[in-house]
Amino acid sequence: MISVLQLGTLDYATGLRLQQKLVDLRKEGRIGDVLLLLEHSPVITLGRNAKASNIIASPRELSDRGVEVFESDRGGDVTFHGPGQLVGYPIFDLRAFPSTDGKRQTLGIVEYVRRLEEVLIRSCAEFGIQTERVCGLTGVWTATKHVGTAAAPGCAAEQRSAEESENEQAKIAAIGVHVSRSVTSHGFALNVDTDLSYFNLIIPCGIASKPVTSMAKVLDKSIDMAKVTNSVVRNFGDVFHSQILWIETLDALLGETVGVPLKVPPELREIRKEEETFWA
């Protein structure tokens, strides 16, 4: 079972503190697997492998745009989080999920990341956006000149020339995770209706040759964040072969106070046609 908590908009520092609290509780077995869904106020984060030179904006420019900068223990390079972007932080014990790759009994880190990609590929497909994986790169990418369904697991770049792939693909979702004693933190960021000009402040993920896009840009229309959230959660249940339980408050997760109140947005509850919680 995966408990889902929707937190609205949080500053990055609060998100980090909350993740660490839940990671500690998951390691102690005091909670089950949890998926946090939220938006961040504008922030640039640097992963363990990040180069500071990939932030190309000056401190003055960052200050003028109200963008904070944080170092993070997730994998990957530099990225941006902000309004209009669905951020997901799965706090999962990988030992609770059986592997399907035939190489091990429980879920490994690489297979876990592939499953996160699969969740996002399926969700984009539900909105008519073709997405795919790129060999050697983590995340989810659009193929802007091709129309069709989502790519099958694997690397689309193997099927087309490097030059074609270079011209077509734009990153629509970034993934960066941390795993400690089999418990995950950090996760994914899906650009739903994000102000893409913020990405001009950085070299996203350290990849200068490929652009960043959003669902709204690909479809050339506004996208309902609540509908995207509902799709992502449903696909988490499918891809991770789990039941989904929507939790109204963090306190309800533990039966004790952890200090972060929560309300599921009414429009999301209306989509689910539920009053309080939802099982899938």
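# Close-up views of a predicted model

**View 1. Arg-122 is partly exposed, with a relative accessible area of 34%, and its side chain meets that of Glu-118 in a salt bridge.** Here, buried means under 20% relative accessible area, exposed means over 50%, and partly exposed lies in between (1.4 Å probe, protein chains only). The structure is a predicted model, so local features are described at pLDDT of at least 70 and side-chain atom pairs at pLDDT 80 or more, while totals for chains, interfaces and linings use all residues. Residues are numbered from 1 along each chain as its sequence is written, and side-chain values use heavy atoms, with hydrogens and water left out. In the pair shown, N and O are 3.0 Å apart; a salt bridge is counted when a side-chain nitrogen of Lys or Arg is within 4 Å of a carboxyl oxygen of Asp or Glu. Both residues belong to helix H3, four residues apart, or about one turn of the helix. Glu-118 is buried, at 14% relative accessibility. Through shared partners, salt bridges link Arg-114, Glu-117, Glu-118, Arg-122 and Arg-133 into one network.

**View 2. Helices H3 and H6 cross at roughly 135°.** Helices are DSSP runs (H or I, at least four residues), as are strands (E, at least two), and both are numbered from the N terminus. Two packed helices are described by the angle between their axes and the distance between the axes. H3 covers residues 109–126 and H6 covers residues 225–239, and their axes come within 9 Å. Axes are lines fitted to C-alpha atoms, for helices over the stretch in contact, and angles run from 0 to 180 degrees between N-to-C directions. H3 and H6 are therefore oblique to each other: angles under 35 degrees count as roughly parallel, over 145 as roughly antiparallel, 65 to 115 as roughly perpendicular, and the rest as oblique. The crossing of H3 and H6 is right-handed, a term used if the near helix is turned clockwise from the far one by less than a right angle (left-handed if anticlockwise).

**View 3. Side chains of mixed character come together where H3 meets H6.** From H3, the contact takes in Arg-115, Leu-116, Glu-118, Val-119, Arg-122, Ser-123 and Glu-126. From H6, the partners are Ser-231, Val-232, Arg-234, Asn-235, Phe-236, Asp-238 and Val-239. Contact means heavy atoms within 4.5 Å. The residues of this contact divide into five nonpolar, three polar and six charged. In this scheme Ala, Val, Leu, Ile, Met, Phe, Trp, Tyr, Cys and Pro are nonpolar, Asp, Glu, Lys and Arg are charged, and the others, Gly among them, are polar. You may recognise Glu-118 and Arg-122 here, the two residues joined by a salt bridge in View 1.

**View 4. Salt bridges join Asp-64 to Arg-60 and Arg-30 to Glu-28.** For Asp-64 and Arg-60, the closest N and O atoms are 3.3 Å apart. These two residues are four residues apart in helix H2 (residues 59–64), and so are separated by about one helical turn. Asp-64 is exposed at 56% relative accessibility, and Arg-60 is exposed at 62%. In the other pair, N to O is 3.4 Å; Arg-30 is partly exposed at 42%, and Glu-28 is exposed at 52%. The count for the model comes to 11 salt bridges.

**View 5. Val-23 is a buried residue of helix H1.** H1 spans residues 12–27, and the relative accessibility of Val-23 is 5%. Leaving aside neighbours within four places in sequence, Val-23 is in contact with Ile-91, Val-183, Thr-184 and Ser-185. The C-alpha atoms of Val-23 and Phe-92 are 8.3 Å apart, although 69 residues separate the two along the chain. For the wider setting, the chain has eight helices and 11 strands, and buried residues make up 53% of its 280 residues. Among contacts between residues at least 6 apart in sequence, 73% join residues at least 24 apart.

**View 6. Ser-182 and His-241 have positive phi values.** Each is a residue other than glycine, with phi near 75° for Ser-182 and near 50° for His-241. Ser-182 sits in the loop between strand S9 (169–180) and strand S10 (183–191), and is partly exposed at 25%. His-241 sits in the loop between H6 and strand S11 (244–246), and is exposed at 62%. Gln-243 is also in the loop between H6 and S11, partly exposed at 43%. C-alpha to C-alpha, Gln-243 and Ser-3 are 8.5 Å apart, with their positions 240 residues apart in sequence.
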